[in-house]
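Work through the exercises below with the sequence and the model in view. Try each task before reading its solution.

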Amino acid sequence: KILAGVKLFVALWPFLQITFIRPYSTFACAADLETLAKIAWSKHQESVWPQTALDQLARYTFTEPDGTTCVRSCFPATPFAANPWDFTNCYTELVENVQTFYLFQCLASLIFLLIPIVLTRWQVQRELQKVASQGSP
């Protein structure tokens, strides 16, 4: 019974981590929003960020007591479509994880459905060959 709980926890951990832990954890802190945008969207090589992107990123930030601006781990996935209704990086990662999980679950189900069929056919063929080699009375 305990092992089943552990297996369930291990299987669900990526989803639990993205949905319940990451939104409340801190991704990075910087002196200003521009620097924070460079850190958050480091794969985009922009020298100047659009003001709409900075405004949307600001929705996911908070200020520490020492005055540094920090951003939570879930923020708009891309600065170029930074609108209030756009998806966060956590959402896009969750969708990718669910799709991967679903794909592997379907493949595993199909494989474990086909294995007994193949083994049964193989066993029947062996029995038929055995009967044929012994000859019929």
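A residue counts as buried under 20% relative accessible area, as exposed over 50%, and as partly exposed in between, with a 1.4 Å probe and protein chains only. The model is predicted, so local features need pLDDT of at least 70 and side-chain atom pairs pLDDT 80 or more, while totals for chains, interfaces and linings use all residues. Residues are numbered from 1 along each chain as its sequence is written, and side-chain values use heavy atoms, with hydrogens and water left out.

**Exercise 1. Classify Arg 22 as buried or exposed, and find its salt bridge partner.**

Step 1. Locate the residue. Arg 22 is in the loop between α1 and β1; helices (H or I, at least four residues) and strands (E, at least two) are DSSP runs, numbered from the N terminus.

Step 2. Apply the cut-off. Arg 22 is buried because its relative accessibility is 17%.

Step 3. List the contacts, meaning heavy atoms within 4.5 Å. Leaving aside neighbours within four places in sequence, Arg 22 is in contact with Gln 17, Ser 73, Cys 74, Cys 90 and Glu 93.

Step 4. Test for a salt bridge, which is a side-chain nitrogen of Lys or Arg within 4 Å of a carboxyl oxygen of Asp or Glu. Arg 22 forms one with Glu 93, and the closest N and O atoms are 2.5 Å apart. The two partners are 71 residues apart, with Glu 93 in helix α4 (residues 89-134). By this rule the count comes to 1 salt bridge.

Step 5. Classify the partner. Glu 93 is partly exposed because its relative accessible area is 28%.

**Exercise 2. Compare the spans of α1 and α4 with the expected values.**

Step 1. State the rule. The expected span of a helix is 1.5 Å times one less than its number of residues.

Step 2. Take α1 (residues 2-21). A straight helix of 20 residues would span 28 Å, but α1 spans only 24 Å between its end C-alpha atoms.

Step 3. Look for a bend, the angle between axes fitted to the seven residues ending at a residue and the seven starting there. A kink of about 55° lies at Leu 12, shortly before Pro 14.

Step 4. Take α4. Its 46 residues reach 67 Å from first to last C-alpha, close to the expected 68 Å. Just after α4, Gly 135 has a positive phi of about 80°.

**Exercise 3. Which of Val 6, Thr 19 and Phe 20 are partly exposed, and which exposed?**

Step 1. Val 6, in helix α1, is partly exposed because its relative accessibility is 44%.

Step 2. Thr 19 also lies in α1, and at 32% it is partly exposed. A polar atom of the Thr 19 side chain lies 2.7 Å from the backbone oxygen of Phe 15.

Step 3. Phe 20, again in α1, is exposed because its value is 57%.

**Exercise 4. Describe the largest nonpolar core.**

Step 1. Define it. A nonpolar core is a set of buried Ala, Val, Leu, Ile, Met, Phe, Trp, Tyr and Cys residues joined through side-chain atoms within 4.5 Å.

Step 2. Count. The largest has 13 residues, and those with the most contacts inside it include Leu 36, Trp 41, Trp 49 and Phe 75. β1 (26-30), α2 (33-40) and α3 (51-58) each supply at least two residues of this core.

Step 3. Examine one member. Not counting residues up to four places away in sequence, Trp 41 touches Trp 49, Ala 53, Leu 57, Phe 75, Pro 76, Ala 77, Thr 78 and Pro 79.

Notes:
Polar contact = N/O pair within 3.5 Å; in protein donor to acceptor, adjacent residues only side chain to side chain.
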